[in-house]
Amino acid sequence: MKMYEVIIIGGGPAAITISKDLKRKKDVAIIRPEDHSMIYCAMPYAIEGILDLDKTFKKDEIVTEMGTTLIRDYVTHVDFDKQIVTTNQGGLYQYEELIIATGAEPILPPIEGNQLEGVMTFKTEKDLKKVIETVETGLNEAVVVGAGAIGIELAQALNYKGVKTYLVDMFQTILPNMMDEDMIEQAQKKLEASGIELYLNHKVTKLEGEGHVEKVLFENGNTISFSSKPLVVFAVGMKPSIDFLKDSPLYMGKTGIMIDEYMHTNIKNVYAVGDCCEYVSAITGGIILGKLATNAVPMGRLLAKNMLGEKRRYAGFYNGAATKVVDYFVGGTGLTENSAKICGYDYAIGRAKMTTAFPIMPFSKDIEVKLIVDKKSKKLIGGQVISGEPVTDKVDQITMAIQYGITIDQLAQISYASQPYQSFFPANNLLAHASENILSQL
Ligand SMILES: Cc1cc2nc3c(=O)[nH]c(=O)nc-3n(C[C@H](O)[C@H](O)[C@H](O)COP(=O)(O)OP(=O)(O)OC[C@H]3O[C@@H](n4cnc5c(N)ncnc54)[C@H](O)[C@@H]3O)c2cc1C
């Protein structure tokens with residue numbers, strides 16, 4: 001039996017980060033089944049045609065060049081006492097330390113008709129190829145269920161390719177976990193104007209048809225009927241890929257493997273990172289979904305550093321995330337106003353609207369921020385940004401303020417840079433202004 005110092009189950013961003021950050025200092029094997037590790041975030045853009053399909057594949061060399069052994073197989077069982085991993089092809093591998101990084105898989109709701117031709121979820125290389133091939137062979141209609149970032153990006157790609165696209169969600173606005181209604185309204189209108197038909201406040205209850213889907217039925221009695229064979233893609237959330245660990249002594253939470261702030265599970269020398277874990281909010285301490293690469297990668301990095309002797313601690317997750325809706329860039333972090341309400345915060349809201357360059361510059365675009373502050377501590381608990389230019393830097397600044405407990409008085413006094421191409425006039429700064437707006441109410 002082959003023995004490794006470290007076995008990592010899974011070949012996603014969490015696993016790859018660990019392999020890279022262990023810097024050849026351990027004898028590592030990665031076990032993953034698929035042909036290619038994917039750049040999932042780029043998948044919608046391969047459908048749209050901005051990228052060739054193979055640009056969404058990560059090269060195996062990023063791990064093998066680090067001395068990691070890549071085993072193309074699927075783990076079916078782990079014997080935690082004997083420290084042995086069993087694979088689908090009958091492989092037996094012994095480990096000193098085991099890292100579970102098996103990610104999460106899309107949920108296909110258990111509704112009638114979900115086995116009909118053209119009904120699918122969207123994560124794997126196979127899914128991506130199926131969408132691209134179906135579009136190329138003349139797909140006329142598609143329904144995307146779930147108006148989170150993945151659903152929105154997919155719906156826009158299909159719409160761009162000339163497919164009549166319906167985007168469905170049970171909530172009343174798109175991106176309900178990232179943006180409040182007041183911050184997404186204008187982008188939502190643009191999405192509709194782009195040709196995508198929105199079915200918000202609509203819950204799918206059944207798919208009907210002979211062989212393929214002919215009709216989508218909703219709880220409120222409405223339906224969508226098709227004149228051709230459609231694709232019906234569910235992008236309604238992820239569940240951890242941990243079925244193979246079902247009868248193991250590992251502690252499992254409601255949404256994944258339970259870990260502490262050092263990525264340790266309840267079993268000695270067994271760690272878990274990324275989407276297969278239960279995520280805890282650094283703000284509320286409660287469980288949050290947040291299956292994001294921007295959570296998985298820092299978890300992997302922290303674990304690798306600690307395995308090499310550091311003692312870094314992960315405080316939890318903030319869930320900074322962003323997407324693009326037609327020509328708006330949108331992003332949010334921490335709690336939305338809605339979730340602050342649900343969590344029982346007594347909060348204040350601050351807003352600012354400026355431009356991405358001096359407003360006198362012909363190319364300047366609007367940028368708008370909303371900050372959410374806990375009145376008691378005067379600390380930020382959330383923020384959202386919308387603009388005609390990318391917003392991730394602003395979202396990250398807000399996350400940093402939340403992460404390091406900056407109060408709204410401190411944020412109102414941040415020191416900033418200004419230049420005609422790159423910011424509003426020196427007279428003001430987006431985050432400082434939104435903070436003053438809050439202070440004026442307290
Ligand atoms: C379309 C799409 C767009 C996205 N866009 C973004 C974005 O813009 N920004 C962002 O931050 N995140 C985005 N995400 C989410 C992001 O891709 C995931 O959060 C991230 O991939 C999680 O990394 P991971 O390593 O934990 O798990 P995964 O990437 O899911 O990798 C898990 C790995 O484990 C393997 N595996 C599972 N079970 C077993 C087993 N029993 N044996 C062996 N191997 C196993 C899998 O095959 C896979 O290789 C997107 C996801 C999708 C699907």
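This passage describes the domains, two sheets, the ligand shell and one helix residue of a predicted model.

The protein divides into three parts: domain 1 (2–103 + 239–307), domain 2 (119–236) and domain 3 (330–439). The centres of domain 2 and domain 3, taken over C-alpha atoms, are separated by 31 Å. Where these two domains touch, domain 2 contributes seven residues and domain 3 contributes eight residues. On the domain 2 side of this contact, six residues are nonpolar and one is charged. No polar residue takes part on that side.

Two sheets are described next. Strands of a sheet pair through backbone hydrogen bonds, and the pairing can be parallel or antiparallel. One of each kind is treated here.

The parallel sheet is open and has five strands. Their order is β10-β17-β11-β12-β13. Strands β10 (119–121) and β13 (197–199) stand at the edges. Each has a single partner strand, so one side of each lacks a neighbour in the sheet. Neighbouring strands of this sheet are turned against each other by 20 degrees on average, direction ignored. Strand β12 (residues 164–168) runs parallel to β13, and three bridges join the two. One residue pair shows the link: L167 has L198 of β13 as its bridge partner. Helix α5 (residues 149–160) packs on this sheet. The helix touches β11 (141–145), β12 and β17 (231–234). The direction of α5 makes about 165 degrees with that of β12.

The antiparallel sheet is also open, again with five strands. The order here is β22-β23-β26-β25-β24. The edge positions belong to β22 (321–325) and β24 (347–355). Each of these strands has a single partner, so one side is left without a neighbour in the sheet. The average turn between neighbouring strands of this sheet is 15 degrees, direction ignored. Strands β23 (residues 328–334) and β26 (residues 379–387) run antiparallel and are joined by six bridges. Within this pair of strands, V330 has I386 of β26 as its bridge partner.

Two helices accompany the antiparallel sheet. Helix α6 (residues 181–193) lies across four strands: β22, β23, β25 (366–374) and β26. The helix runs at about 145 degrees to β23. Helix α11 (residues 430–439) packs on the sheet and touches β24 and β25. The direction of α11 makes about 140 degrees with that of β24.

The ligand is surrounded by 32 residues. Among them, G10, G12, A14, G103 and G274 come nearest. The shell consists of 19 nonpolar, eight polar and five charged residues. Helix α1 (13–21), strand β2 (28–32) and helix α7 (293–307) each supply at least two residues of this shell. Viewed by domain, the shell takes at least three residues from domain 1 and at least three from domain 2.

The last element is helix α9 (residues 392–403), which holds M400. Around M400, 14 other C-beta atoms lie within 10 Å. A residue counts as buried at 20 or more such atoms and as exposed at 12 or fewer. M400 falls in between, so this residue is partly exposed. Along the chain, M400 and L207 are 193 residues apart. In space, the C-alpha atoms of M400 and L207 are separated by 44 Å.

Notes
Residues numbered from 1 in each chain as written. Predicted model: local features only at pLDDT ≥ 70, side-chain atom pairs only at ≥ 80, totals over all residues. Pairing = 2+ DSSP bridges. Axes fitted to C-alpha atoms, helices over the stretch in contact; angles between N-to-C directions. Near = placed C-beta within 6 Å. Nonpolar A, V, L, I, M, F, W, Y, C, P; charged D, E, K, R; others polar. Domains from an automatic or database assignment.
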